[in-house]
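Colleague: Thanks for making time for this. Could you walk me through what you have on screen?

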Amino acid sequence: MIRTIEAVVDVQGRVELSEPVHLSAPRRALVTILEDEAAVPIHDSALLSGAALEDWNRPEEDIAWSHLQSAQ
């Protein structure tokens, strides 16, 4: 089973997990270094719009809006 766990990597490269992890044997892991939250603001409206965009990606929507497409 693949799990994602939030962690913080300090300037020395030490990884501190945000929750305890119990494994039956050693496991490989991938670490993705994210930008500082202050440097890359994510607005709630951008996150909320994802579900609406998925709803628009349907054949029925293409048909409903086809009259606005230019002739090809």
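**A walk around the chain**

Modeller: Happy to! Leu-30 is exposed, its relative accessible area being 85%. Please keep in mind that this is a predicted model.

Colleague: Where does Leu-30 sit in the chain?

Modeller: Leu-30 belongs to no helix or strand, but to the stretch that links two of them. That stretch is the loop between strand 2 and helix 1.

Colleague: How far apart are the C-alpha atoms of Leu-30 and Thr-4?

Modeller: Along the chain, Leu-30 and Thr-4 are 26 residues apart. In space, their C-alpha atoms are separated by 9.5 Å.

Colleague: In what order do the elements of the chain run from the N terminus on?

Modeller: There are two helices and two strands to place. Starting at the N terminus, the order is β-β-α-α.

Colleague: Where is confidence lowest in the chain?

Modeller: Let's begin with the whole chain: the average pLDDT is 82, and 81% of the residues score at least 70. Confidence is highest in strand 2, at 93. Where pLDDT is low, predicted coordinates should not be read in detail. The lowest mean, 71, belongs to helix 1.

Colleague: Is Ile-33 buried or exposed?

Modeller: Ile-33 lies in the loop between strand 2 (15–17) and helix 1 (44–56). Its relative accessible area is 64%, and the cut-off is over 50%, so Ile-33 counts as exposed.

Colleague: What accessible area does the nonpolar patch with Ile-33 have?

Modeller: Ile-33 shares this surface patch with Val-9, Val-15, Leu-17 and Val-31. Together the five side chains' residues have an accessible area of about 440 Å².

Colleague: Which residue meets Arg-14 in a salt bridge?

Modeller: A search of the whole structure finds two salt bridges. Arg-14 is exposed at 52% relative accessibility, while its partner is partly exposed at 28%. The N to O distance is 2.9 Å, and the partner of Arg-14 is Asp-10.

Colleague: How far apart are the closest N and O atoms of Arg-58 and Glu-61?

Modeller: Arg-58 is partly exposed, with 33% relative accessibility. Arg-58 forms a salt bridge with Glu-61, and the closest N and O atoms are apart by 3.3 Å.

Colleague: What share of the 72 residues of the chain count as buried?

Modeller: The accessible surface of the chain is about 7600 Å², with 57% of it belonging to carbon and sulfur atoms. To count as buried, a residue needs under 20% relative accessible area. Of the 72 residues, the buried share is 1%.

Terms used. Residues numbered from 1 in each chain as written. Predicted model: local features only at pLDDT ≥ 70, side-chain atom pairs only at ≥ 80, totals over all residues. Heavy atoms only, no water. Patch = residues over 30% accessible without salt bridge, like charges linked within 9 Å, V, L, I, M, F, W, Y side chains within 5 Å. Areas by Shrake-Rupley, 256 points an atom, 1.4 Å probe, with all protein chains shown as cover. Salt bridge = Lys/Arg side-chain N within 4 Å of Asp/Glu carboxyl O. Helix = DSSP H or I, 4+ residues; strand = E, 2+ residues; numbered from the N terminus. Buried < 20%, exposed > 50% of the residue type's maximum accessible area, 1.4 Å probe, protein only. pLDDT = per-residue confidence, 0-100.
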